[in-house]
Amino acid sequence: MSVVTVQLGQCGNQIGHEVFSALCSDVRGTHGLCSRKENESYHDSCKERFFCEEESGVPVARAVLVDMEPKVISQTLSMAARSGHWKYNSHSHFCQKQGSGNNWASGYSVHGPRHKEAIMNLVQKEAEKCDRLGGFFTIMSMAGGTGSGLGAFVTQCLRDAFPTSFILNHVIWPYGTGEVIVQNYNSVLTLSHLYQSSDALLVHENDVIHKICAQLMNIKQISFRDVNQVIAHQLGSVFQPTHTAGEGSSYSRNPLGDVMEALVPHPEFKLLGLRNIPQMPENSLPYSTFSWPGLTKHLRQMLIANAKMEEGIDWQVRPPHPGSSIPSTNKPLHFNTSIANLVILRGKDVHGVDLGSFQDPSLYTSWLNPQDAFSAWKTPRAFNKYEKSASVVSNSQFLLKPLDSIVGKAWNMFASKAYLHQYTKFGIQEEDFLDCFTTLEQVISSYTNL
């Protein structure tokens, strides 16, 4: 089954480009470390998901590029074409000349309705090229105007036009000390609207990825491109083909459907976080060895201590003892309760790995059976030069602090009516803000009470 990617705004288009580049370089790599037959079926499965073939033999990304200013899209198209390994369809992009000025309301209420037909036509064309459409993967930031406002609008249009398709929104959480004064407003509006129309939101926090670049990748002067490449690597580690439990020897068919089935048991809980280890500069790889027990032990502790990378994990955090009937308010401090977790392992000897520690009932909320709450996908084919790598996608309390913080900051500005006129002039009223605050307060309360 194929996935149509919709890249929205500057951030979405730059990350989308890195994602397709990472997928392509992984597939082309000779580092598969697995049998030739395995490598070929992996290759074919990836191509079917994310690319369509042209006569020239160059894979074409199944993607629609949308931005309200032309610069980033033209750069993205030409960078892909120059690589010679893959390209975008030259007709699958839509851009205008004026931008959205970091104003969510401008993207949502002005550009969205005005350009709906043109954008949805492009999406429809991409969807029709798929033999079987698995769903839509949108990439956007929350802080700006086009990605967030237009992104929320386009997601609603996708939901209306394709009511039975899966929609996964990949959302970039802004830096805490962000560069846009109204980023908290934009974030609150984006999140609450996506919560209505999306199946799940996969969140990457800029601050976290920045830290990974500085501390694990040893990059001295970090550019957006460095950040985007780490994000693309992490996304690839989830969406490249794997064997799910029931699939036998063939690769799983529907990546988005499988993610939803494994991780989103209830529409109130849609926030997914992603952690991936190991991550290191390429020149350190020849000097590193990894064992599966070591990787899984680190990954589990990252999950329960809510550590975003393998450096600086708090090893003191322990799950509560099973059978102790303490109310959820007395849970050990800093313990990250999960609703559901998906562990993905790639590399040699993968089928003998013991993942029992992830099935410990004390990691999960009480209303879901641990057998249902945990899934594992595996493939003996290595990913992107790492002989062994492990990822966990988790639906857990990981975002509570940042979410609470963004809602709090936005509420303080709203209470003093700061910058509201910039939104009301495009038809976003105070009641709309209040609805959004209510939606997110409910999400916070649901996750807090796990």
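Let me start with helix 7, residues 206-216, and helix 8, residues 224-239, whose axes come within 9 Å of each other and cross at roughly 100 degrees. That crossing makes helix 7 roughly perpendicular to helix 8. I should say at once that we are looking at a predicted model, so please take each value I give as computed from that model.

If you look at where these two helices touch, you will find N206, I209, H210, I212 and C213 on the helix 7 side, and they meet D226, V227, V230, I231 and Q234 on the helix 8 side. The residues of this contact divide into six nonpolar, three polar and one charged.

Which residues of helix 7 are buried? They are N206, V208, I209, I212, C213 and L216, and what covers them includes helix 8, together with strand 8, at 166-173, and strand 9, at 200-205.

I would like to stay for a moment with one of these residues, N206, which has its place in helix 7 and has a relative accessibility of 10%, so that it counts as buried, the cut-off being under 20%. Setting aside residues up to four places away in sequence, N206 touches I172, W173, P174, Y175 and V227; V227, you may recall, is among the helix 8 residues in the contact I described earlier. Just after helix 7, there is also a point of backbone geometry to note, in that N218 takes a positive phi of about 55 degrees.

Moving to another part of the chain, T5 lies in strand 1, which covers residues 2-8. Is T5 buried or exposed? With a relative accessible area of 2%, T5 is buried, and, if we leave out its neighbours within four places in sequence, T5 is in contact with F20, R62, A63, V64, F137 and I139.

Let me now step back to the whole protein chain, which is divided into domain 1, at 2-271, domain 2, made of 282-321 and 333-398, and domain 3, at 401-449. For domain 1 and domain 2, the C-alpha centres lie 24 Å apart, and 43 residues of domain 1 are in contact with 31 residues of domain 2.

How can we describe the size of such an interface? It is often given as the accessible area lost when the parts come together. Between domain 1 and domain 2, the area buried is about 3100 Å², and carbon and sulfur atoms give 63% of it.

Definitions and conventions. Residues are numbered from 1 along each chain as its sequence is written. This is a predicted model: local features need pLDDT of at least 70, side-chain atom pairs count only at pLDDT 80 or more; totals for chains, interfaces and linings use all residues. Side-chain values use heavy atoms; hydrogens and water are left out. Axes are lines fitted to C-alpha atoms, for helices over the stretch in contact, and angles run from 0 to 180 degrees between N-to-C directions. Helices (H or I, at least four residues) and strands (E, at least two) are DSSP runs, numbered from the N terminus. Angles under 35 degrees count as roughly parallel, over 145 as roughly antiparallel, 65 to 115 as roughly perpendicular and the rest as oblique. Contact means heavy atoms within 4.5 Å. Ala, Val, Leu, Ile, Met, Phe, Trp, Tyr, Cys and Pro count as nonpolar, Asp, Glu, Lys and Arg as charged, and the others, Gly among them, as polar. Buried means under 20% relative accessible area, exposed over 50%, partly exposed in between (1.4 Å probe, protein chains only). Domain bounds come from an automatic or database domain assignment. Buried area is the accessible area (1.4 Å probe) that two parts lose on being put together, summed over both.
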